[in-house]
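This report describes selected helices, their packing and a few backbone features. Please look over the sequence and the model before reading on.

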Amino acid sequence: MDKPVRIALFGIGKMGQNHLRILSMLKDVEIAFLYDSNVELCEDLSRKFGIKILENLDQDLKSCDGAIIVTPTFTHFDYINKVSDYVKNIFVEKPLTNTLESTQVIVNLAKDKHLNIQVGFIERYNPAVITLKAILAHNNHNIINIDLTRTNKMSSRITDVDVVIDLMIHDIDLALNFNGDIADIYAHGVVIDGMIEYARACMKHTNGSFSNIVASRITEKRLRQISITTHNEYIDCNLLRKEVFVDKQSVEQRLDNVSISANTETIEVRGQESLLSELIDFVNMCKNIPTDNRPNQDDGMKAMQVAHKIQSIIHNA
């Protein structure tokens, strides 16, 4: 029997505890240790899950196959630097770091040290997104326009990043993943106390398609929506409900009159929890098993470059 993959977990806040829950379910994974600045929480979860707490960084990391970093965004840079001396397989929750400059440093570090970095763009693993991509690939339709909407009330645990880095960056990654590189960006937004809390960006891609992204932390309503227009179809995707609807145009000839109607198809979406799929992908990376879907440090850099441009446009308006 193969040895379990030993993974260190840094950060056990709300999202970190989700990682802990999933990792504890995986039979081929052993959580090597937990670390969090909240010592009391660390001790509580250590007892609950029977997992040791970090004692000596040098010694404890030497026996690990990978490290997962789910700490506040502004700490990502330091943690990646620390663990990269011991492990080459690193998972970092989005974004890769909190600034464009430090993200570039990490990209260079990954190249120099031959690191495998996975960035936590979890929507790539959303079964509705996977179904959506399969529909587009099967029908071989080019995208004319994609609208992505993401709204959520400001979380008390997110205090170090604005709505572009907190929410919009997920959809920036999806837009790049669907439509490729960007040729031009227009954006506007609402800034409250120096922080962007509402942002809208219109992007023209080099392939001629468009992506329109809206992100808001002002409204109470929680939305995760993708709408895609192609030459033959209009596709609606609800990422929260895991629903996909396809409207296909049909032309009916009646004597000299032509009527155009839309036929709506409901696509059944099946799939496991997004975080489970994401972490299985990371475990496979630790086992040197390749995949086409895994977002790496270069994807993190591309998303941050676009996010930085949107922030600059809004702040300088």
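## Helix 8 and its surroundings

The buried residues of helix 8 are Ser 274, Leu 275, Leu 276, Ser 277, Glu 278, Leu 279, Asp 281, Phe 282, Val 283, Met 285 and Cys 286. The model is a predicted one. Because eleven of the 13 residues of helix 8 are buried, the helix is largely enclosed by the rest of the structure. The end C-alpha atoms of helix 8 are 19 Å apart, which agrees with the 18 Å that its 13 residues should span at 1.5 Å a residue. Asn 288, which follows helix 8, has a positive phi near 65°.

## Helix 1 against helix 8

Helix 1 covers residues 14–25, twelve residues in number. From its first C-alpha to its last, helix 1 reaches 17 Å, close to the expected 16 Å. Its buried residues are Gly 16, His 19, Leu 20, Ile 22 and Leu 23.

What do the buried residues of helix 1 pack against? Their partners include four strands: strand 1 (5–10), strand 2 (29–35), strand 3 (66–69) and strand 4 (89–93). They also pack against helix 2 (39–49) and helix 8 (274–286).

The axes of helix 1 and helix 8 come within 10 Å and cross at roughly 70°. That angle makes helix 1 roughly perpendicular to helix 8. The crossing is right-handed. On the helix 1 side, the residues in contact are Met 15, Asn 18, His 19, Ile 22 and Leu 23; on the helix 8 side they are Leu 275, Leu 276 and Leu 279. By class, the residues of this contact are six nonpolar, two polar and no charged. Among the residues of helix 1 that meet helix 8 are His 19, Ile 22 and Leu 23, which are also buried. Leu 275, Leu 276 and Leu 279, on the other side of the contact, are likewise among the buried residues of helix 8.

## Helix 4 against helix 5

Helix 4 (residues 76–83) packs with helix 5 at an angle of about 15°, and their axes are 10 Å apart. The two helices are therefore roughly parallel to each other. Their crossing is left-handed. Phe 77, Ile 80 and Asn 81 of helix 4 meet Ser 102, Val 105, Ile 106 and Leu 109 of helix 5. This contact has five nonpolar, two polar and no charged residues.

## Helix 9 and Asp 173

Helix 9 runs over residues 297–315, and its end C-alpha atoms are 26 Å apart, which agrees with the 27 Å that its 19 residues should span at 1.5 Å a residue. Its buried residues are Gln 297, Asp 299, Gly 300, Met 301, Ala 303, Met 304, Val 306, Ala 307, Ile 310, Gln 311 and Ile 314. They pack against helix 5, helix 7, strand 5, strand 7 and strand 8.

Asp 173 is in helix 7 (residues 163–179). Is Asp 173 buried or exposed? Its relative accessibility is 2%, so Asp 173 counts as buried. Setting aside neighbours within four places in sequence, Asp 173 is in contact with Phe 121, Arg 124 and Asp 299. Asp 299 is one of the buried residues of helix 9. Asp 173 and Asp 299 are 126 residues apart in sequence, and their C-alpha atoms are 7.4 Å apart in space.

## Backbone features in loops

A cis peptide bond joins Lys 94 and Pro 95, with omega about -15°. Pro 95 lies in the loop between strand 4 and helix 5 (100–113).

His 114 and Asp 193 have positive phi values, listed below.

| Residue | Phi | Loop |
|---|---|---|
| His 114 | near 60° | between helix 5 and strand 5 (116–120) |
| Asp 193 | about 55° | between strand 7 (182–192) and strand 8 (195–205) |

His 114 counts as exposed because its relative accessibility is 61%. Asp 193, at 81% relative accessibility, also counts as exposed. Neither His 114 nor Asp 193 is a glycine.

Terms used: Residues numbered from 1 in each chain as written. Predicted model: local features only at pLDDT ≥ 70, side-chain atom pairs only at ≥ 80, totals over all residues. Heavy atoms only, no water. Expected span 1.5 Å × (residues − 1). Buried < 20%, exposed > 50% of the residue type's maximum accessible area, 1.4 Å probe, protein only. Contact = heavy atoms within 4.5 Å. Axes fitted to C-alpha atoms, helices over the stretch in contact; angles between N-to-C directions. Parallel < 35°, antiparallel > 145°, perpendicular 65-115°, else oblique. Left-handed = near helix turned anticlockwise from the far one by under 90°. Nonpolar A, V, L, I, M, F, W, Y, C, P; charged D, E, K, R; others polar.
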